[in-house]
Amino acid sequence: MSELTRGVLLGYRRENADPPYLHPDYQATRTRAPAEPLVPLAHTLSEVTGPVFGHERVRELDHDLTRQHDGEPLGERIILHGRVLDGDGRPLRNTLIEMWQANSAGRYRHDVDRHPAPLDPNFTGGGRCMTDDEGRYRFITVKPGAYPWRNHENAWRAAHIHLSLFGPAFATRLVTQMYFPGDPLFYQDPIFNSVREPKHRELMISSFDLSQTVPEWALAYEFDIVLRGREATPTET
Ligand SMILES: [Fe+2]
């Protein structure tokens, strides 16, 4: 029986509580965090068996957010790549990874985003791909801008990209946020700082990767996602 199958039968449990459900500086968690201890519920068969996504659902250009429209989006073109690994460093193959982000001006293409920054007609902000046999993924996009939010006076999110791993079924979905090295907004971003351990926060920051840059075309950032163990990437549930 594979480790993945054992996980299905035992149900899915959150391995560590960093970030915690309640982080008062992140205002939304005050009303969203459970006030009582969680009660584990057995997963039903449909939760652990489907839906399952495969290559046929991912289109050729889904990983390239710069080629989803007639023209190219404005902004700093970047390559985001990395591996999805389990706690023993083994690759997660053929797993769906999705991402979404603001455009280079810090605006989401979403009805509730009222940030007075321009939408880009050539940028939707969503991408997806499957990991390869070594657990690798690769997206081409533009670097997202920082954006304001109303959490506190003059609050700004550090630039970030949201990432989702689907796993074998919806109940196994993990969501995280990836940041860029050296961002001056880290210190005042309560979502980034809701991850309490500084060494865990570091695991959410990508590395600039000169080796994967494409001369005269794009810079590259590397971000590995580790599912378990001491090096596990913090996720939200
Ligand atoms: Fe965001």
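Which residues have the most contacts inside the largest nonpolar core? The views below, taken from a predicted model, start with that one.

**View 1. The largest nonpolar core and its best-connected members.** This core has 21 residues, and Leu80, Ile97, Tyr137, Phe139 and Leu163 are the ones with the most contacts inside it. Strands E1, E2, E4 and E7 are the elements that each give two or more residues to this core. A second, separate core has 12 residues, among them Ala155, Ala158, Leu185 and Val195. As a rule of thumb, nonpolar side chains in soluble globular proteins tend to be buried together.

**View 2. Zooming in on Phe139 and its contacts.** Look past the neighbours within four places in sequence, and Phe139 is in contact with Ile78, Ile79, Leu80, Ile97, Met99 and Leu163. Its contacts also include His63, Gly127, Arg128 and Cys129.

**View 3. Strand E4 next to strand E1.** E4 covers residues 136-142 and is mostly tucked away, with five of its seven residues buried. Seven bridges hook it up to E1 (residues 77-85), and the two strands run antiparallel. To find your way around, look for Arg83, whose bridge partner in E4 is Arg136.

**View 4. Strand E2 with E3 and E7 as pairing partners.** E2 (residues 96-100) is joined to E3 (residues 126-130) by five bridges, in an antiparallel arrangement. Here Glu98 stands opposite Arg128 in E3. E2 also pairs with E7 (residues 160-165), again in the antiparallel sense, over four bridges. For that pairing, spot Trp100, which stands opposite His162 in E7.

**View 5. Leu65, a buried loop residue.** Leu65 sits in the loop between helix H3 (45-49) and E1. Why does Leu65 count as buried? Because its relative accessibility is 0%, and the cut-off for buried is under 20%. Leaving out residues up to four places away in sequence, Leu65 touches Met99, Gln101, Phe123, Ile140 and Thr141, among others. Gly125 is another residue that Leu65 touches; the two are 60 residues apart along the chain, yet their C-alpha atoms are separated by 6.6 Å.

**View 6. Gln101 and its polar contact with Thr141.** Gln101 belongs to the loop between E2 and E3. With a relative accessible area of 1%, Gln101 is buried. The side chains of Gln101 and Thr141 make a polar contact at 2.8 Å. Not counting neighbours within four places in sequence, the contacts of Gln101 include Leu65, Tyr108, Val142, Lys143, Pro144, His160 and Ile161.

Methods. Residues numbered from 1 in each chain as written. Predicted model: local features only at pLDDT ≥ 70, side-chain atom pairs only at ≥ 80, totals over all residues. Heavy atoms only, no water. Buried < 20%, exposed > 50% of the residue type's maximum accessible area, 1.4 Å probe, protein only. Pairing = 2+ DSSP bridges. Contact = heavy atoms within 4.5 Å. Core = buried A, V, L, I, M, F, W, Y, C linked by side-chain atoms within 4.5 Å. Polar contact = N/O pair within 3.5 Å; in protein donor to acceptor, adjacent residues only side chain to side chain.
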